[in-house]
Amino acid sequence: MFDRLSSISDHAISDHAIACYGTAQPPSRPHVLRAGPLSAELEDGAIRTIRWRDVEILRGVAFLVRDAHWGTHSAQLSDPEVTETPDRFDVRFQGLVDKGGQRFRYEVRIGGSADGEFVFEAAGTAETDILTCRTGFVVLHPIAGVAGRPVRIGHADGSGEEGCFPALVSPGQPIFSIRSLAHEPVPGLHALCRLDGDVFEMEDQRNWTDASFKTYVRPLALPTPYVLAAGTRLEQTVRLTVREEDGGANGLPAARPPDGTLRLTLGKVLNTTMPPVGVGIDTLHLPAQEAGAALIRDAGVRLLVGRFDPLTSGDETLAAFARLVGATGADLLLELPLPCRDAPDTELGGIAARIDAAGLPLAGLTVAPAAYLRSHQPTGPWPDGPSFADIYRSTRRAFPGLPVGGGVHAYFPELNRARPPVEGCDYVSFCTSPIVHAADERSIAQSLEALPAIMETARSFCGGLPIRVGPSAIGMRDNPYGRGPVDNPGNGRIPMARRDPRQRGLFGAGWYLGYVAELARQGAASVTLGAIAGEFGFVHPPGHRAGEWPRPWFDDEPAAVYPAYHVLRALASASGAPLVECRFDGPGEPPVALAWQRPGEAVELWLANLAADPIRMEIPGIRGGRLQLLTAHDFAESCRAPQWMAGEGEVWPLSEFDLPACSVARMVFDHRSLTNPVDGAGRAPQVGM
């Protein structure tokens with residue numbers, strides 16, 4: 001089907017969307033509103049980005065209704081009435097949330113002017129009783145240029161104080177009782193955000209890999225969920241004022257190059273090496289894991305991570321793990337959520353006997369109380385039971401000589417809030433998912449920006465222990481904040497869903513590349529991704545049952561792997577290779593980039609364009625090499641051939657090329673192809689300078 005894209009125009013849009021995103025639903029496109037130097041992006045009833053010239057002031061403003069489990073209700077929106085002039089824009093629309101017999105109707109007005117004034121007003125009425133965890137505004141400040149910087153806080157009681165956006169990821173709310181926030185996005189540019197209609201506070205969304213600080217209504221100290229009684233009227237306003245100091249633009253970015261080309265410079269060889277990259281084991285689909293084991297072995301993956309829940313998993317799970325270790329030749333790190341129903345020595349002794357009876361070899365055991373699979377606020381209350389330290393000591397007695405991992409089996413906020421002791425363990429572990437709060441491609445791509453801060457924060461309390469991340473995927477394998485991951489029967493872009501369609505598309509391949517790239521540069525000891533097969537899988541094993549959940553194209557066509565498999569193969573093969581610095585200069589958001597030095601000082605470079613538009617690229621200083629592109633045009637062939645990107649690619653004589661939307665590129669440069677070869681001694685060459 002996809003190898004005939006150019007000849008079936010009636011289906012070209014949906015086919016391209018399936019290849020890129022795993023769903024026939026194309027991504028939404030924002031309407032860019034402009035008023036002089038002020039711009040705002042309107043998308044699905046929310047504002048995505050507010051900029052003054054090219055400086056991002058706010059990352060988002062949205063009025064939403066959350067359900068009793070923190071999921072966001074979708075709203076039926078009227079067509080917006082948009083009025084635009086060169087100096088002003090105005091938007092009006094209505095919204096209706098109608099879910100399970102609960103109804104909330106509201107009206108919105110959005111306005112902006114060239115003098116730096118922006119307003120987002122919402123007023124609505126509960127037509128029935130509504131059980132909700134939050135109804136009202138959320139406002140996002142971007143982390144770039146903001147984290148660690150001063151902020152002037154106006155409180156709800158009229159008082160004010162000087163504060164700071166946190167540099168490290170804050171486990172709790174860094175700012176309470178907010179009426180206004182004033183800061184300088186860049187020197188000489190002043191932004192004041194005022195919030196009316198409720199009491200607001202802030203959380204550090206980097207905990208969940210959102211690249212933002214979120215200011216929201218209703219303090220978390222109040223009970224949730226709560227009832228919004230029928231007839232209740234809500235009126236809230238977000239007002240932003242932007243001013244340039246003395247009318248100047250001292251801190252504003254310089255004009256972008258007119259040719260629209262993004263330039264990539266290969267810098268020095270870093271002291272950091274590529275960590276081992278592994279895959280998870282999805283215990284909900286164990287037969288599929290075993291069916292895909294040979295392809296995982298062929299990809300060179302030598303690390304598996306699997307979870308054994310003593311209360312819900314039988315000895316057959318341990319036997320399947322043992323078979324997977326044998327079939328892949330990989331080491332196994334076992335996640336063990338300890339029930340803590342008996343004394344730790346008793347529970348762990350019994351589990352050790354079961355593992356020994358299964359003949360399961362372990363490379364490490366990551367243990368934590370099962371209660372910490374749930375979310376707990378920093379102020380508590382905390383679960384009763386044995387301490388982490390007691391559990392570590394009992395684990396060493398039950399598994400003498402085996403490396404013991406600490407941390408949590410859930411996401412980074414659970415680790416950041418619990419901060420278990422590191423004494424008594426050999427490494428620390430956590431995982432992430434980028435769709436806790438939003439599930440559009442832009443938010444998922446931006447989640448990569450938060451990973452350096454997460455790693456820096458983890459290092460600050462991990463005592464120098466190795467940090468192992470994963471298994472992580474776009475979809476959520478757990479939901480510490482509700483009953484479980486949200487169902488996704490329509491194969492859409494759903495926050496908190498386990499089954500995310502991007503796992504099967506080119507976007508997912510690019511996101512995995514970016515995820516490993518950021519964590520590798522931050523010195524992660526290992527990074528484990530997704531699972532062998534299933535909702536988080538890299539392999540599409542034979543004998544899958546169509547109809548278990550929607551898998552467009554894959555349910556009808558023969559396929560062996562998803563596009564992300566080719567990225568996994570490359571990352572696994574690069575384990576231990578020195579990383580090479582990548583620097584971008586030019587317009588727009590850069591693609592994901594990861595480069596490493598191969599034996600013989602050749603350089604292998606991988607790029608991924610996560611955007612919906614192509615990027616014009618130039619790599620100055622390159623006289624040529626070999627290039628291989630994975631695009632929507634190649635989707636079908638690449639899914640049928642696991643070795644599709646295993647070759648060196650075609651000869652590429654130029655330093656310029658186009659990186660199509662949702663594409664992945666692999667380049668290999670012989671050291672003779674560089675006008676200033678990357679210096680294996682670690683000195684920074686003047687490539688393209």
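So, which strand is largely enclosed by the rest of the structure, and why do we say that? Keep in mind that this is a predicted model. The strand I mean is β24, residues 331-338: seven of its eight residues are buried, so the rest of the structure largely encloses it. Buried here means under 20% relative accessible area.

Okay, let's look at what sits beside β24. On one side of the story there's strand β23, residues 303-307, which runs parallel to β24 and is joined to it by five bridges. If you want a spot to find on screen, Leu-303 stands opposite Asp-331 in β24. Getting from β23 to β24 involves helix α4, residues 315-328, and those three elements make a right-handed β-α-β unit.

Then there's strand β25, residues 364-369. Six bridges join β24 to β25, and these two run parallel. Here, look for Glu-335, whose bridge partner in β25 is Thr-366. Helix α5, residues 344-357, goes with β24 and β25 in another right-handed β-α-β unit.

Now let's zoom out. The protein chain has 12 helices and 37 strands, and 57% of its 689 residues count as buried. How does the radius of gyration fit with a compact globule? For 689 residues you'd expect something near 26 Å, and the chain has 25 Å, so the two agree. The C-alpha atoms fill a box of roughly 70 × 65 × 50 Å along the principal axes.

One last thing, on contacts: taking those with a separation of 6 or more, 71% are between residues 24 or more positions apart. And the accessible surface is about 26,200 Å², with 51% of that belonging to carbon and sulfur atoms.

Key
Residues numbered from 1 in each chain as written. Predicted model: local features only at pLDDT ≥ 70, side-chain atom pairs only at ≥ 80, totals over all residues. Heavy atoms only, no water. Buried < 20%, exposed > 50% of the residue type's maximum accessible area, 1.4 Å probe, protein only. Helix = DSSP H or I, 4+ residues; strand = E, 2+ residues; numbered from the N terminus. Pairing = 2+ DSSP bridges. Right-handed = clockwise from strand over helix to strand, strands pointing away. Rg over C-alpha atoms; globule rule 2.2 N^0.38 Å. Contact = heavy atoms within 4.5 Å. Areas by Shrake-Rupley, 256 points an atom, 1.4 Å probe, with all protein chains shown as cover.
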